[in-house]
Amino acid sequence: MAKILIIDDADETRTLVGRFLQAKGYEVVQAADGNEGLERAAQDRPDLILMDLNMPHMTGFEATGLLKNNSDLRHIPVLALSAETGTGNRDAIYEAGCDGFLAKPIDFPDLLQTIGKHLPR
Amino acid sequence: MTQGQTDPDLEMILADMRQEFIENSEDRLDEVEGSVSRLLADAGRPDHEQLEIKRHVHTLKGTGGSFGFPAITVWCHALEDYLETIKELGVDQLWDVQLFIDRIRDVLESGLNPDDMEVAAAVKGMPLRGLSRERSPLKAGMSVMLLMPKGIQRKIISRELTTFGFKVIIAESSLSAVDLAITLRPDVVISSHVLDRISGLELARVLGAIEATSHHKFLLMTASDEIGADLGGLPDHVTVVRKGRGFSADLIKFLSAQKLLN
């Protein structure tokens with residue numbers, strides 16, 4: 001089963017999403033900020049990354065930009081997690097290099113469907 | 001799985017997680033109440049307790065919507081706004097925090113998410129005494145007599161009415177309510193429908209027939225399934241309000257209709 005990296009500074013979100021994905025059979029790794037997320041991505045080579053955008057120190061936009069500039073990691077699909085789903089923010093999400101986005105609060109069936117669409121076949 | 005089909009496995013996982021969310025949230029509310037109690041008792045470290053309150057509220061706000069409780073997110077958002085607005089967390093403000101927590105707990109315990117309009121109206125009309133008095137929604141000098149069985153619900157409603165700005169008079173029985181109403185002339189009477197000896201509706205009729213008390217407005221509290229069942233022929237001065245989580249919204253609607261709000 002695919003491996004998914006969750007990068008989010010909110011413990012609760014990581015725990016909830018992680019538990020849900022594990023219950024659906026995914027392998028889950030977690031990181032609590034952008035820096036740790038980049039390290040985990042390089043070390044664990046996940047099949048997909050769920051990236052919170054609003055994090056302290058390094059935002060999800062910045063972390064995604066760094067991932068997409070790394071030739072070893074740029075192939076990994078990144079789905080942004082954001083409570084701000086206005087058009088302007090969506091544009092910024094795609095400009096940062098994200099492959100898709102999911103609105104917070106998380107709709108779990110939608111999460112599953114979107115992950116399915118972006119996982120490599 | 002094609003679109004429109006349900007996935008029993010997914011449904012089961014989500015049902016388990018929803019139940020866990022409810023239990024965890026109740027624990028969080030207990031923690032917040034613990035912090036409020038400690039701060040009211042001048043125990044604990046204020047900075048630490050305040051941070052804990054904010055942390056729990058923020059977490060609840062972020063997760064409520066994922067489990068079919070967007071109202072919890074709205075209430076938590078309003079509480080966060082409130083905590084941002086106030087300068088200090090004194091006694092009045094702590095009671096306000098408790099009021100928010102009561103609302104959130106009402107939603108959790110009901111297991112149902114209230115109608116959006118109901119939540120919006122309730123949030124808008126929150127009787128917050130920790131803010132400046134100019135923002136109190138109620139006209140000054142209003143009194144209310146409350147008649148309902150002794151217990152936690154009476155305590156909650158009494159506290160809510162007090163924070164709203166009412167002077168609250170508690171009546172212990174329907175007979176003492178008549179006596180108090182004649183003596184103290186409350187502007188509003190709020191009574192449970194189900195009482196010992198005579199019903200709330202009968203009490204409303206009695207008070208309406210006495211000249212000294214005929215000016216008052218009467219709010220009759222019922223469980224929602226009682227409405228329309230045995231409350232036919234309501235006198236003009238009687239308004240039915242719901243017990244529990246609908247009470248606050250109904251009260252605000254009533255006060256607004258009676259032009260008792262500033």
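Colleague: Which residues of α2(A) are exposed on its other side?
Modeller: Glu39(A), Ala42(A) and Gln43(A) are the exposed ones there. By exposed I mean 12 or fewer other C-beta atoms within 10 Å of the residue's own, by buried 20 or more, and by partly exposed anything in between, with C-beta atoms placed from the backbone. Bear in mind that this is a predicted model: local features need pLDDT of at least 70, side-chain atom pairs count only at pLDDT 80 or more, and totals for chains, interfaces and linings use all residues. Residues are numbered from 1 along each chain as its sequence is written, while chains are lettered from A and ligands numbered from 1 in the order in which they are written.

Colleague: OK, and which residues of that helix, α2(A), are buried?
Modeller: Gly34(A), Gly37(A) and Ala41(A), in a helix that covers residues 34-44. Helices are DSSP runs of H or I with at least four residues, strands are runs of E with at least two, and both are numbered from the N terminus.

Colleague: Why do the buried residues of α2(A) line one face?
Modeller: Looking down the helix axis, they fall within an arc of 50°, so they line one face of α2(A). The arc is taken from the directions that lead from the axis to the C-beta atoms.

Colleague: What do they pack against?
Modeller: The buried residues of α2(A) pack against β1, β2, β3 and α3 of chain A. Contact means backbone-placed C-beta atoms within 7 Å.

Colleague: And what follows α2(A)?
Modeller: Arg45(A), with a positive phi near 45°. Over in chain B, α9(B) is followed by Lys259(B), where phi is also positive, near 55°.

Colleague: Switching to the sheet in chain A: what's the strand order?
Modeller: β2-β1-β3-β4-β5, in an open sheet of 5 strands with parallel pairing. Pairing takes at least two DSSP bridges between two strands. At the edges sit β2 (27-31) and β5 (100-103) of chain A, each paired on one side only. Neighbouring strands turn by 20° against each other on average, ignoring direction.

Colleague: How many bridges join β1 and β3 of chain A?
Modeller: There are 4, between residues 3-7 and residues 48-52, running parallel. Within β3(A), Ile49(A) stands opposite Leu5(A).

Colleague: Which strands does α3 of chain A lie across?
Modeller: Helix α3 (60-68) lies across β1, β3 and β4 of chain A, at about 150° to β3(A). Then α5 (108-118) touches β3, β4 and β5 of chain A, its direction making about 175° with that of β5(A). Those angles run from 0 to 180 degrees between N-to-C directions, with axes fitted to C-alpha atoms, for helices over the stretch in contact.

Colleague: What about the sheet in chain B, what's its order?
Modeller: That open sheet of 5 strands reads β2-β1-β3-β4-β5 (chain B), with parallel pairing. Its edges are β2 (167-171) and β5 (238-242) of chain B, and the twist averages 25° from one strand to the next.

Colleague: Which strands does α6 of chain B touch?
Modeller: Helix α6 (152-164) touches β1 and β2 of chain B, at about 175° to β1(B). Helix α7 (174-184) lies across β1, β2 and β3 of chain B, at about 170° to β1(B).

Colleague: Last one: how many residues does each chain give to the contact?
Modeller: Chain A gives 12 and chain B gives 10. On the chain A side, α1(A) provides the largest share, 6 residues.

Conventions
Contact = placed C-beta atoms within 7 Å.
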